[in-house]
Amino acid sequence: MSSSRNVLGGPLLACSYSPLTGFYRTGCCETGPDDSGLHLVCTRVTADFLAFSSAAGNDLSTPRPEYRFAGLKPGDRWCLCALRWLEALDAGAAPPVVLEATNEAVLELVDLDTLKAHAYGARTGSGG
């Protein structure tokens, strides 16, 4: 069981088990000394983000069976590298963030207000 915390100060919830995400493929956006990319931000990926990521050199849509990776589609939840999320934000393509499943360590790079402004459900008030 992870002792990591989310950006809201609670326990870090799972981001996704299907597809299985996280640097350590635990389903959670956990980090450690081996995670140089800082896979901290749980997002609900969008078509715009997937196109942006592919153009930036990281094709997340194409299946890679040799890595047991089926490829992402819009609506999937996925732990993103913090800096890639910020790049997408600057480009207007940042996918919405699932705050309860986003690791608090990202707060060293992104302020909470920015994350909340891009929270999944924030625009509609639906909460998810």
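1. Y24 is partly exposed in this predicted model, where its relative accessible area comes to 35%. Its ring belongs to one of the three aromatic pairs found in a search of the whole structure. The partner is F23, and the arrangement is edge-to-face, with 4.9 Å from centre to centre and 85° between the planes. F23 is also partly exposed, at 30% relative accessibility.

2. F69 and W78 make up another aromatic pair, and this one is tilted: the centres are 5.5 Å apart and the planes meet at 55°. The angle exceeds the 30 degrees below which planes count as stacked but does not go over 60, so the pair is neither stacked nor edge-to-face. Both rings are on buried residues: F69 has a relative accessibility of 14%, and W78 has a relative accessible area of 6%.

3. W78 appears again in the largest nonpolar core, which has 23 residues. Those with the most contacts inside this core are F49, L60, L72, W78, W85, V106 and L115. Strand 1 (39-44), helix 1 (47-55), strand 2 (77-81) and helix 2 (82-90) are the elements that give two or more residues to the core. Leaving aside residues up to four places away in sequence, L115 touches V7, W85, V97, L99, V106, L107 and V110.

4. Another core, of six residues, lies apart from the largest one. Its members include C15, C42, C79 and A101. The cysteines named here also take part in disulfides: C15 with C42, and C79 with C29.

5. How many disulfides does the structure hold? There are two. In the C15 and C42 disulfide the sulfur atoms are 2.1 Å apart, and with 85° about the S-S bond the link is right-handed. C15 is in the segment before strand 1 and C42 is in strand 1, so this disulfide ties together parts of the chain that are 27 residues apart in sequence. Both of these cysteines are buried.

6. The other disulfide joins C29 and C79, again with the sulfur atoms 2.1 Å apart. It is left-handed, with -95° about the S-S bond. This pair links distant parts of the chain, since C29 belongs to the segment before strand 1 and C79 to strand 2, 50 residues apart. Both ends are buried, C29 with a relative accessible area of 0% and C79 with 2%. When the bonded cysteines of the chain are numbered in sequence order, the pairing reads 1-3, 2-4.

7. Why is C28 not bonded to C79? The sulfur of C79 is the closest cysteine sulfur to that of C28, but the 7.4 Å between them is too far for a bond; a disulfide needs sulfur atoms within 2.5 Å. C28 is nevertheless buried, with a relative accessible area of 10%. C81 is in no disulfide either, and its nearest cysteine sulfur, that of C79, is 9.7 Å away. C81 is partly exposed, at 23% relative accessible area.

8. S16 is found in the segment before strand 1 and is buried, with a relative accessible area of 8%. A polar atom of the S16 side chain lies 3.2 Å from the backbone nitrogen of S18. Not counting residues up to four places away in sequence, S16 touches T21, G27 and R77.

9. The backbone has some points to check by eye. Most residues other than glycine have a negative phi, and most peptide bonds are trans. The peptide bond from S18 to P19 is cis, with omega near 5°; P19 is in the segment before strand 1. S18 is also the residue whose backbone nitrogen lies 3.2 Å from the S16 side chain.

10. Which residues other than glycine have a positive phi? L38 is one of them, with a phi of about 55°, and R68 is another, with phi near 55°. L38 lies in the segment before strand 1, while R68 is in the loop between helix 1 and strand 2. L38 counts as partly exposed, at 32% relative accessibility, whereas R68 counts as exposed, at 82%.

Definitions and conventions. Residues are numbered from 1 along each chain as its sequence is written. This is a predicted model: local features need pLDDT of at least 70, side-chain atom pairs count only at pLDDT 80 or more; totals for chains, interfaces and linings use all residues. Side-chain values use heavy atoms; hydrogens and water are left out. Helices (H or I, at least four residues) and strands (E, at least two) are DSSP runs, numbered from the N terminus. Buried means under 20% relative accessible area, exposed over 50%, partly exposed in between (1.4 Å probe, protein chains only). A polar contact is a pair of N or O atoms within 3.5 Å; within protein, one must be able to donate a hydrogen and the other to accept it, and residues adjacent in sequence count only if both atoms are side-chain atoms. Contact means heavy atoms within 4.5 Å. A nonpolar core is a set of buried Ala, Val, Leu, Ile, Met, Phe, Trp, Tyr and Cys residues joined through side-chain atoms within 4.5 Å. Rings of Phe, Tyr and Trp (its six-membered ring) pair if their centres lie within 6.5 Å; planes under 30 degrees apart count as stacked, over 60 as edge-to-face and the rest as tilted.
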